[in-house]
Amino acid sequence: MEDLARSSLQPLTSASFPMKTDELREKYLAFFESKGHSRQPSDVLVPTWDPSVLFTPAGMNQFKDHFLGKVKLDFTRATTCQKCLRTGDIENVGRTAYHHTFFEMLGNFSFGDYFKREAIHWAWEFLTDKKWLGIKSDRLSVTVYKDDHEAAGIWAKDIGLPSSRIERMEEDENFWPASAPSLGPDGVCGPCSEIYYHPDGGGESVEIWNLVFTQFNRVGDPPDNLRPLPSKNIDTGMGLERTAATLQGVPTNYHIDSLMPLVEAAAEVCGVEYQLDSEAGRRCRRITDHVRACTFAVHENVYPGANKEKYVVKRLLRRAVLDGHQLGLREPFLHQLVPKVVELMRGAYPELAETTDRVASVIKKEEANFFGTIDEGLERIKHAFEEMRAADRVKVEGAVAAELYQTYGVPPELFEALAAEHNLAFDWDGYGQAMQAHGEVSGKVQHTVMGGKGPIDSLKHALHSTEFLGYDATESEAIIKGIVAGVAPDDHLCDVMEEQGHVDEIRVILDRTPFYGESGGQVGDAGRIVGDGFEFEVTDTQREGQLVIHHGHLRKGKMPEGAEVQAIVSTERRDGIRRAHSATHILHHALQKQLGTHAQQQGSKVDDDWLRFDFTNLSPVSGEQLTAIGEHVAKHVATAEPIDWEVLPLAEARAQGAMMLFGEKYPDPVRMVSMGTFSKELCGGTHLQNTREVSAFEILSEEGVSAGTRRITALTGDRAVKHVKQTLETVRSSAELLGCSPFMLAAKVQSFLEEQRELKKLLASGGTLDVPRVGGSSTIINAEQPSAIQAKAILAETAQMLSVAPLAVTERINAICDEVFSLHEKLEQRAAAGPITADSLLEQAVTVAGYTVVVAEAPTAEANLMRQLIDQIRQKSGSSAVLLASTEGDTKVTLVAGVSKDLQERGAHAGNWVRPVAQAMGGNGGGRPDMAQAGGKQPAKLAEALEIARQTIAEMLGA
């Protein structure tokens, strides 16, 4: 553990006015702007475009395609302050001076522009020049990779550092990725040089900057496996909090001006006095880190959940809640700290102020959930530790941890941390197996992956981008630039493809295209690519970076690379997608008007006259609210408002009030889609020209998809019109089936269900018919029909009663009608046959070898009733063997047999008794010695089978 009390540190700037964190951030960015760098905004914290990571782990992450040459470069130098989140060292958070989950990383980057000399010179200038940080040069030293003579020479000859302050290190310390030359992975890599600050008085040195020189491509195992890259890059990283702590001369990162007030607020909320080296102090620092991380994550609409990035947020919140609990708190408290996070961070991230209440509400709800189970969970953990000590076990069983997570919501990482305090290991393999058995696997943060090596990556390098023409055209001329056949990892580039030469899907890349590649929730286009003597059917269109990939099958001829073609989008499908996408924007506006500004998009899927829209809302949307939302959309469709779009600078779009989704990264300039005066959104999708072209809009369902996230599914255009007709017809036919007015449908179904339950109860208990028929009693002629809105409400209520989809109501009522009719028939048959009781069955008993034996038919009795009757006979007669049979229709016989314990000792076995009886009727079965069940398929042979039953039990009893 690092020494927290770095008392020898002194402020590096004026003692009265040490440099503030916000000032350091701005100085860094301004310095590199002065060196020709383009100042770029921080990427989002959750880069959904990058499947290799859950959270942004470093400043270079947003520039991976820039480093790999896969995109057209608008700039070759960049500088950023990047929001990052890592959980690899989470248990050190609060305990060491420097560890965080959320932190900010200052960086400067070169994409084939400058290299080591400039990077080193500028780093030294920024650190030591009084215009910038003004650190005394004798307080700094550097490390370099042992074989990087070039960097060592620049530090020695150009900067003038003596050899005593230039340390050569092994590849595990000064190479990126660490130990890449020996251990891999293959791919882009390079040496690095780290800059350290040494405080006055000989205190512990602090690494404040890392300069990474990506100059190699690793290929295979050593030796001679580092191949020089044709284009060398620079990637540097300076931890903002760590450097601020160094400049301000404070003992930990948590004592800088942008974090110490939050630490103090945490201590106040927890009711403790903050002390640097106390256990309470460590808990307050961890609470500070975790609530800051979760504030940023929830702001970007990443809510606590069971998987991936949502699980990380849940884990961080629950770890902080556990700290509060161990400090004596029993009620939610973290949410009180959200306004302080916003106050301290809004200088750099003013958008946080727009979601303060929502973020606090989400955090409070998760706290309340965990506080509701934490005491029982901790008691269970305590009991588990006691059992382990008693059994001399040293590893927590994975199954126990899985039970704690599923029952009490205790994340396994918390369990592991508590176990470590008792010197107990944790069985992660066993935990994973137990969770997989329950279908639950939580996401783990992955390492950044730099690029792939498939044919699409080769085309990215060569082409960089596809020109998209689809905003203004659905047909265009183009040239085939690439044909990819086969399935990864065996996919490959082809010079020519023949109609009979493929089974799997083919991917075609054009230089320009009207086809929209799936992105932003909008599905890809379909259509045709036609050339001289060939035709390619496009079944889907995707995007890979800035390339548009046409997926499909060659239907005719021979298709060569380089061919001139006509690319033709299916306009009918495109129009349906446009209707759904424009309707999605109108729906988003309606949600914000009806539910509040917190109802922001969490995700969407837009298809042919079909849309799915996920949005933030902590509770289900009521029926009244859904009706109001639908009416709001319909109003804007009916008013025929114009839809326009324009490309403009991001700042101008923001100034015009364009809705910007938190957690989204937007290019600059951006495409802004406007609908009348009510909606402005940044969107790259295809849209209508007028809201009236949506034609019709119908909400199909509203449901929850995760904590705090709701989902609306809806239809547009002809599909919506058809759905309305189906709704009206379903209500009409269902009401007709039950002989009631459509407006009484729900009430009649309720009565019908009660009748069904009562009949089943009677049948199960052996009762007789005393229930009037409800369904199908009469037909209402020329009944008043409901409006579309009324029909939708009637159908929704009825469907909920029946637990089926709305359009399945008629089918379900039909099935219930059939079942009720069958139940009535069975009860009528029972009434005709007389009551079934234990006494009536005992009247048919015979004595076999001194024991009571009953072999009889129990008309219409179900298996449960026959078991009850057998138990009653046992109670009345003591030693007995009973076999009862019941038929249903012409194809089903149910048999149940029971044998008392003393008869079992004489060799009687219920399972062996009932089996040959069932087999005599074409069935089978068996069971325990005391009770067994079987079934037959030929009721006509029941009399013969019952005779076999009498013979079998006699043989068993030795009669």
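In the predicted model, Glu475 stands opposite Ile568, a residue of strand β22. This pair belongs to the contact between strand β13, which covers residues 475-485, and strand β22, residues 564-569; the two strands pair in the antiparallel sense over 5 bridges. Strand β13 has further partners. An antiparallel arrangement also relates β13 to strand β16 (residues 506-510), with 4 bridges joining the two. Here Ile483 of the one strand faces Val508, which stands opposite in β16. A third pairing, again antiparallel, links β13 with strand β14, residues 492-493, over 2 bridges. Within this pairing, Ala485 stands opposite His492 of β14. Strands β13 and β14 form a hairpin, and 6 residues lie between them. In the turn of this hairpin, Gly486 adopts a positive phi of about 90°.

A parallel pairing is found elsewhere in the chain, between strand β4 (residues 140-145) and strand β5 (residues 166-169), which are joined by 4 bridges. Tyr145 stands opposite Met169, a residue of β5. Helix α4, formed by residues 149-159, combines with β4 and β5 into a β-α-β unit, and this unit is right-handed.

These elements are part of a chain of 959 residues, in which 28 helices and 35 strands are assigned. The C-alpha trace of the chain spans about 115 × 75 × 55 Å along its principal axes. Buried residues make up 53% of the chain. The chain exposes about 41,400 Å², and 47% of this area is supplied by carbon and sulfur atoms. Among the contacts with a separation of 6 or more, 69% involve residues 24 or more positions apart. With respect to charge, the chain carries 99 positive and 135 negative side chains. The centres of these two sets lie 1 Å apart.

Two individual residues, each placed in a strand, were examined in their surroundings. Gly237 is found in strand β9, which comprises residues 226-239. Gly237 counts as buried because its relative accessibility is 18%, the limit for this class being under 20%. When neighbours within four places in sequence are left aside, Gly237 is in contact with Met105, Leu106, Ile208, Trp209 and Asn210. A separation of 47 Å lies between the C-alpha atoms of Gly237 and Ile529, residues that are 292 positions apart along the chain.

The second residue, Lys395, has its place in strand β10, which consists of residues 395-396. With a relative accessible area of 44%, Lys395 is classed as partly exposed, because this class covers values between the 20% limit for buried residues and the 50% limit for exposed ones. Lys395 touches Met388, Ala425, Phe426 and Asp427, residues up to four places away in sequence not being counted. For one of these partners, Asp427, the distance from Lys395 is 6.3 Å in space, C-alpha to C-alpha, whereas the two residues are 32 residues apart in sequence.

Technical notes: Residues are numbered from 1 along each chain as its sequence is written. This is a predicted model: local features need pLDDT of at least 70, side-chain atom pairs count only at pLDDT 80 or more; totals for chains, interfaces and linings use all residues. Side-chain values use heavy atoms; hydrogens and water are left out. Two strands pair if DSSP finds at least two bridges between them. A crossover is right-handed if, with the strands pointing away from the viewer, the path from the first strand over the helix to the second runs clockwise. Buried means under 20% relative accessible area, exposed over 50%, partly exposed in between (1.4 Å probe, protein chains only). Contact means heavy atoms within 4.5 Å. Accessible areas come from the Shrake-Rupley method with a 1.4 Å probe; for residues, only the protein chains shown count as cover. Lys and Arg count as positive and Asp and Glu as negative; His and the chain ends are not counted. The place of a charge is taken as NZ of Lys, CZ of Arg, CG of Asp or CD of Glu.
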